[in-house]
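Work through the exercises below with the model open beside you. Try each task before you read its solution.

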Amino acid sequence: MKGWQFRWFILDPKTGILNYYLSEGESRQTPRGWIHLESAVISPSDEDSNTFTVNSSSGEMFKLRAQDARARQEWVNRLRAVAELHAMAVAHNNPPLLPREHVTSGNGGLQSSSTLAVWDAFSAVKDHLFRAEQSNFLLSRAIDDLPNCGDVRHVDNDLLLLKAASHAMLLSLSQCLYILQHQQSTASEVGSCKSSKANSENPNCSSSHSKKKFVL
């Protein structure tokens with residue numbers, strides 16, 4: 001399989017880490033690499049029925065290929081569940097966004113108008129997501145209330161796909177919003193990078209983006 005590397009993956013739901021090894025025989029040794037699933041976005045690929053991607057909050061993108069479509073769906077469901085669990089834990093341990101008038105800079109002064117506008121935008125997006133989640137709940141309940149017989153049933157494949165797709169979309173949007181909020185908070189604390197020289201001298205201003213392709 002050209003361009004792909006075979007790896008043995010083990011998911012640890014408690015730590016939210018997906019470890020990978022060269023082979024199953026190395027699974028008791030130190031992993032060759034790992035993926036932090038906290039706020040990661042897991043998405044099935046459109047190119048075939050076996051491939052999916054894991055976009056970590058650190059900026060790394062892992063392209064994975066399962067044995068078949070069923071195995072891919074099982075991996076996607078489990079990884080999404082763990083990512084959502086740890087994202088909710090982080091959100092629970094962090095305070096909500098401060099109102100606009102209470103947002104200050106690190107030295108106690110007021111933030112710039114552009115920064116305040118960003119936080120206002122975050123608040124507006126959270127409101128829209130909340131309304132979308134309410135609508136999604138009503139949609140799911142309406143589908144579940146359909147009879148188990150007749151032309152339209154609650155177990156129809158199209159309706160089940162609609163429920164799964166809407167839930168996955170809202171989950172991905174929520175995780176993306178959290179990542180953006182986290183990046184904005186970090187930028188407010190350490191300051192923005194103003195030149196490529198500053199990027200090379202200050203590790204807090206640099207980022208690493210990589211793409212890896214593995215076969216499960």
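**Exercise 1. Find the partner of Val54 in strand 7, then describe how the two strands are joined.**

Step 1. Start with the ground rules. This is a predicted model, in which local features need pLDDT of at least 70, side-chain atom pairs count only at pLDDT 80 or more, and totals for chains, interfaces and linings use all residues. Residues are numbered from 1 along each chain as its sequence is written, and side-chain values use heavy atoms, with hydrogens and water left out.

Step 2. Locate the strands. Helices (H or I, at least four residues) and strands (E, at least two) are DSSP runs, numbered from the N terminus. Strand 7 covers residues 61–65.

Step 3. Read off the partner. Val54 has Phe62 as its bridge partner in strand 7.

Step 4. Count the bridges. Two strands pair if DSSP finds at least two bridges between them. Strand 6 and strand 7 have 5, in the antiparallel sense.

Step 5. Look at the turn. The two strands form a hairpin with 5 residues between them. Gly59 sits in that turn with a positive phi of about 105°.

**Exercise 2. Describe the pairing of strand 5 with strand 6, and decide how far strand 6 is enclosed.**

Step 1. Strand 5 spans residues 41–44 and pairs with strand 6 in the antiparallel sense, over 4 bridges. Val41 has Asn55 of strand 6 as its bridge partner.

Step 2. A hairpin links strand 5 and strand 6, with 6 residues between them.

Step 3. Now check burial. Buried means under 20% relative accessible area, exposed over 50%, and partly exposed in between (1.4 Å probe, protein chains only). Strand 6 (residues 51–55) has 4 of its 5 residues buried, so the rest of the structure largely encloses it.

Step 4. Take one residue of strand 6, Thr51. Thr51 counts as buried, at 0% relative accessibility. Contact means heavy atoms within 4.5 Å. Leaving out residues up to four places away in sequence, Thr51 touches Trp4, Pro44, Ser45, Lys63, Leu64, Arg65 and Arg72.

**Exercise 3. Give the strand order of the open sheet and name its edges.**

Step 1. The open sheet has 3 strands in the order 2-3-4, with antiparallel pairing.

Step 2. Its edge strands are strand 2 (8–12) and strand 4 (33–36), each pairing on one side only.

Step 3. Strand 2 meets strand 3 (residues 17–21) over 5 antiparallel bridges. Ile10 has Asn19 of strand 3 as its bridge partner.

**Exercise 4. Which elements give two or more residues to the largest nonpolar core?**

Step 1. Fix the term. A nonpolar core is a set of buried Ala, Val, Leu, Ile, Met, Phe, Trp, Tyr and Cys residues joined through side-chain atoms within 4.5 Å.

Step 2. The largest core has 15 residues, of which Ile35, Leu37, Ile42, Phe52, Val54 and Leu79 touch the most other members.

Step 3. Strand 3, strand 6, strand 7 and helix 1 each give two or more residues to this core. Helix 1 gives the largest share, 4 residues.

Step 4. Inspect Ile42. Beyond four places in sequence, Ile42 touches Phe52, Thr53, Val54, Val76, Leu79, Arg80 and Ala83.

**Exercise 5. How many salt bridges does the structure have, and which parts do the pairs of Lys63 and Asp48 tie together?**

Step 1. Side chains of opposite charge can pair when their charged atoms come close. A salt bridge is a side-chain nitrogen of Lys or Arg within 4 Å of a carboxyl oxygen of Asp or Glu. The whole structure has 4.

Step 2. Lys63 and Glu47 form one at 2.7 Å, N to O. Lys63 lies in strand 7 and Glu47 in the loop between strand 5 and strand 6, so this pair ties together parts 16 residues apart in sequence. Lys63 is buried, at 13% relative accessibility.

Step 3. Asp48 and Arg65 form another, also 2.7 Å, N to O. Asp48 lies in the loop between strand 5 and strand 6 and Arg65 in strand 7, so this pair ties together parts 17 residues apart in sequence. Asp48 is partly exposed, with a relative accessible area of 25%.

**Exercise 6. Where does pLDDT stay under 50?**

Step 1. pLDDT is the predictor's confidence in each residue, from 0 to 100. The chain has a mean of 75, and 74% of its residues reach 70 or more.

Step 2. Residues 98–110 have pLDDT below 50. Residues 192–210 also stay under 50.
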